[in-house]
2 protein chains.
Amino acid sequence: MKDFPEDSVGIVTPQRIHFDQPLTLASGRVLPEYDLVVETYGQLNQQASNAILICHALSGHHHAAGYHHQDDKKPGWWDSAIGPGKAIDTNRFFVVSLNNLGGCHGSTGPNTLNPETGQPFGPDFPIVTVQDWVQSQARLADYLGIQQWAAVVGGSLGGMQALQWSIDFPDRLRHCVIIAAAPKLSTQNIAFNEVARQAITKDPQFHDGHYYAQQSVPKTGLMLARMVGHITYLSEDGMREKFGRELRSGKLSFDFNPQFEIETYLQYQGERFSTSFDANTYLLMTKALDYFDPAADYDNDLALALKNVQCQYFVASFTTDWRFSPERSREIVDALIEAGKKVTYTEIQAAHGHDAFLIPIPRYMEVFGAYMNRIANAVEKDNAR
Amino acid sequence: MKDFPEDSVGIVTPQRIHFDQPLTLASGRVLPEYDLVVETYGQLNQQASNAILICHALSGHHHAAGYHHQDDKKPGWWDSAIGPGKAIDTNRFFVVSLNNLGGCHGSTGPNTLNPETGQPFGPDFPIVTVQDWVQSQARLADYLGIQQWAAVVGGSLGGMQALQWSIDFPDRLRHCVIIAAAPKLSTQNIAFNEVARQAITKDPQFHDGHYYAQQSVPKTGLMLARMVGHITYLSEDGMREKFGRELRSGKLSFDFNPQFEIETYLQYQGERFSTSFDANTYLLMTKALDYFDPAADYDNDLALALKNVQCQYFVASFTTDWRFSPERSREIVDALIEAGKKVTYTEIQAAHGHDAFLIPIPRYMEVFGAYMNRIANAVEKDNAR
């Protein structure tokens, strides 16, 4: 039997939770019922005051930490930050991680059966927004008996959900942790998303989203989408350090086979993704990103949108992140300051670009861990009263 | 009859020049014969000392200035810089502009007939490099009776050709004008090119490059390639200023039709390109970019590669260009200084990103024009002796 590392949460089992109250979405459409697939780590205390919600990013899911079985080769996507003694210490916190609505890892989404038709939703699954996710997550909190999260935590698109939580349910979280995010996408961000969507929808195997029935998968489209995405996740410096202009065979081949190491890497990443992720979900997730703009209803004034928030904020960015650069995080920080709210901001030196938020960079884990430690201390002090 | 602007070269007619001496390429392959399509503007002086060679970029061609017929709506791609009284003053210079080997605008390339088979070359056209282009351009100079160019001028990939000229034929140019270029592609540049190539070659209409025979065109691949390219040509700031997050209909549509202005723009650009450019040529041009690395044969020491150059250099970059940033131009400048060569460098404030090199930004045209004016003055002073 394999020994997992001591600071691992060990084997975890996802659970499926059914919600039968209709959910009215931002689009006006209604989901009559839905499932969310969830993992939890650690123990909820008696006061239910030590719960942390983890929100996932574009291609993430509920499996954030630990292993699914003894022979699992890789732990969850944020195992470096979640576990006994880690930044999000599962000896002290009860951690909840879910697959969002519209996802492709078990929660109700395009690749699950529409109970009304008995067929997969496919392209008929409604476009969901960050607000819709937050609504569904609030119902999950109700289900779990959590009136108020100690913190809602997320990186990238996950950080946007955390920000939206603080606006939509000001009294249901004490801390909001926003890592490598932005208050809305830039035009360039939308442009890259649109390339990805065009690559998928123009793939002949896409069949207008009804590819499940055709027993096909728009692999090329997904591969291209992932390749473009991946370039934006890595920094230019990081790419140069990791791949440079190294040639696989040591010399130019004068043909169109991949020859620079970076070409091989991107193709591998793209192909792996194309067989493991659902194309309709990818489309939905990019739309949720494009649509996210909490200031839009407040005259494009983010400080005004944040007027009624009650929690404290931790905002982190990474120096070489050009997808959501430090400048974008500072927009959030500046708006919080303007609104008179409490915020801690850190800019982490890191060569890894946007991907840095998933990497256990020592300084990042120290600062993030110190903040989470303060939250845990407050929880335990309150309980000891 | 339409009146062209006074500072236009007016109506121009491309000429096709046949070369029947075999050309051995960097790959070792041999082109037994080939055609180059060329335009010229202005008059060659008696001493043949006022000739300027214009080298084109990735999707460029020979038609750099003027109009092809009375009803032509648009002039050549660099009409803003070439004409009577313009930065490249056709009252003083004899300007030569060609479509490079492998191009798709008339010069021998994948979409022209292979005399050995009577069929289009298609994917059998050899991969050509910047060095190969410079060799073919030197033969063009011979044909035109030009022993030494007053200047070789180019932007982006065109600037790389100018740089290569100065290394390969040190005594055949007096000035080298390198605008918005780099001494070699970065890993990220190669990565974007590889996405474009994958988009084209994975398009089912590509037929391994034999699409001419199939009466098909890999339109989707070309469209995606152009969309990705276009994002890298524009600056993030420029995109925001031009398109922002404006919605076509004023509100979110909650579907996958293009709704942000930037989406419509990119799709339009991509679709237009997909019907006007040859896919095999696009593949070749991106490979020429990837392969360009004049320092590679000199221990990756660019100063060493430039040891024997004899001309003077003008190098220009644009502040918001992130495809070939000012930093990349300064690598060229620094190597020239280290090698003890004469170089003038200017960094132009411009919001337009890489595209700026095609735009008549006043400060850019003034500085560039002043440099070209100095060259013309020297030519005329020499001739008056």
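**View 1. Helix α9 of chain A lies across three strands.** In this predicted model, helix α9 (residues 326-338) of chain A lies across β10 (175-179), β11 (312-318) and β12 of chain A. Its course makes an angle of about 160 degrees with β11(A). The strands it crosses belong to a sheet, and the next view turns to that sheet.

**View 2. Eight strands of chain A build an open sheet.** If you trace the 8 strands across the sheet of chain A, the order reads β1-β4-β8-β5-β9-β10-β11-β12, and the pairing is mixed. At the edges you will find β1 (15-19) and β12 (343-348) of chain A, each of which pairs on one side only. On average, neighbouring strands here are turned by 20 degrees against each other, direction ignored. For a closer look at one pair, try β5 (residues 51-55) and β8 (residues 94-98) of chain A, which run in the parallel sense and share 4 bridges. Within this pair, Ala51(A) has Phe94(A) of β8(A) as its bridge partner.

**View 3. A loop of chain A holds an alanine with a positive phi.** Look for Ala48(A) in the loop that joins β4 (34-41) and β5 of chain A. Its phi is near 55 degrees, a positive value in a residue other than glycine. Is Ala48(A) buried, exposed or partly exposed? With 16 other C-beta atoms within 10 Å, Ala48(A) is partly exposed.

**View 4. Cys176(A) sits among many partners in the largest nonpolar core.** That core has 235 residues, and the ones that touch the most other members are Ile52(A), Cys176(A), Ile52(B) and Cys176(B). Which residues does Cys176(A) touch, leaving aside those up to four places away in sequence? They are Ala151(A), Val152(A), Ala162(A), Leu163(A), Trp165(A), Ser166(A), Cys311(A) and Tyr313(A). As background, nonpolar side chains tend to be buried together in soluble globular proteins.

**View 5. Strand β8 of chain B is mostly covered.** How many of the residues in β8 (residues 94-98) of chain B are buried? The count is 5 of 5. Phe94(B), Val96(B) and Leu98(B) point one way from β8(B), while Val95(B) and Ser97(B) point the other way, and all are buried.

**View 6. Two strands pair with β8 of chain B.** Strand β4 (residues 34-41) of chain B pairs with β8(B) in the antiparallel sense, over 4 bridges. Two places to look in this pair are Tyr41(B), which stands opposite Val95(B), and Val38(B), which stands opposite Leu98(B). Strand β5 (residues 51-55) of chain B also pairs with β8(B) over 4 bridges, here in the parallel sense. In that pair, Leu53(B) has Val96(B) as its bridge partner.

**View 7. The open sheet of chain B carries a helix.** The 8 strands of chain B are ordered β1-β4-β8-β5-β9-β10-β11-β12, with mixed pairing. Strands β1 (15-19) and β12 (343-348) of chain B each have a single partner strand, so one side of each is left without a neighbour in the sheet. From one strand to the next, the twist averages 20 degrees. Helix α10 (residues 362-384) of chain B packs on this sheet and touches β9 (151-155), β10 (175-179), β11 (312-318) and β12 of chain B. The direction of α10(B) makes about 165 degrees with that of β12(B).

**View 8. A loop of chain B holds an asparagine with a positive phi.** Asn300(B) is found in the loop between α7 (279-291) and α8 (302-305) of chain B. Although Asn300(B) is not a glycine, it has a positive phi of about 55 degrees. Asn300(B) is exposed, with 12 other C-beta atoms within 10 Å.

**View 9. Chains A and B meet.** Each chain brings residues to this contact: 39 from chain A and 39 from chain B. On chain A, the elements that give two or more residues to the side touching chain B are α3 (187-201), α4 (219-233), α5 (236-242), α6 (261-274) and α7 (279-291). The largest share of that side, 11 residues, comes from α3(A). By class, the side of chain A that touches chain B has 21 nonpolar, 8 polar and 10 charged residues. The copies meet through the same surface, because 100% of the interface residues of chain A are also interface residues in chain B.

**View 10. One rotation superposes chain A on chain B.** The rotation is 180 degrees, with 0.0 Å of shift along its axis, and the RMSD is 0.0 Å. The two copies are therefore related as by a two-fold rotation axis.

Methods: Residues are numbered from 1 along each chain as its sequence is written. Chains are lettered from A and ligands numbered from 1 in the order in which they are written. This is a predicted model: local features need pLDDT of at least 70, side-chain atom pairs count only at pLDDT 80 or more; totals for chains, interfaces and linings use all residues. Two residues are in contact if their C-beta atoms, placed from the backbone, lie within 7 Å. Ala, Val, Leu, Ile, Met, Phe, Trp, Tyr, Cys and Pro count as nonpolar, Asp, Glu, Lys and Arg as charged, and the others, Gly among them, as polar. Two strands pair if DSSP finds at least two bridges between them. Axes are lines fitted to C-alpha atoms, for helices over the stretch in contact, and angles run from 0 to 180 degrees between N-to-C directions. Copies are superposed by least squares on the C-alpha atoms of residues with pLDDT of at least 70 in both. A nonpolar core is a set of buried Ala, Val, Leu, Ile, Met, Phe, Trp, Tyr and Cys residues joined through C-beta atoms within 7 Å. A residue is buried if 20 or more other C-beta atoms lie within 10 Å of its own, exposed if 12 or fewer, and partly exposed in between; C-beta atoms are placed from the backbone.
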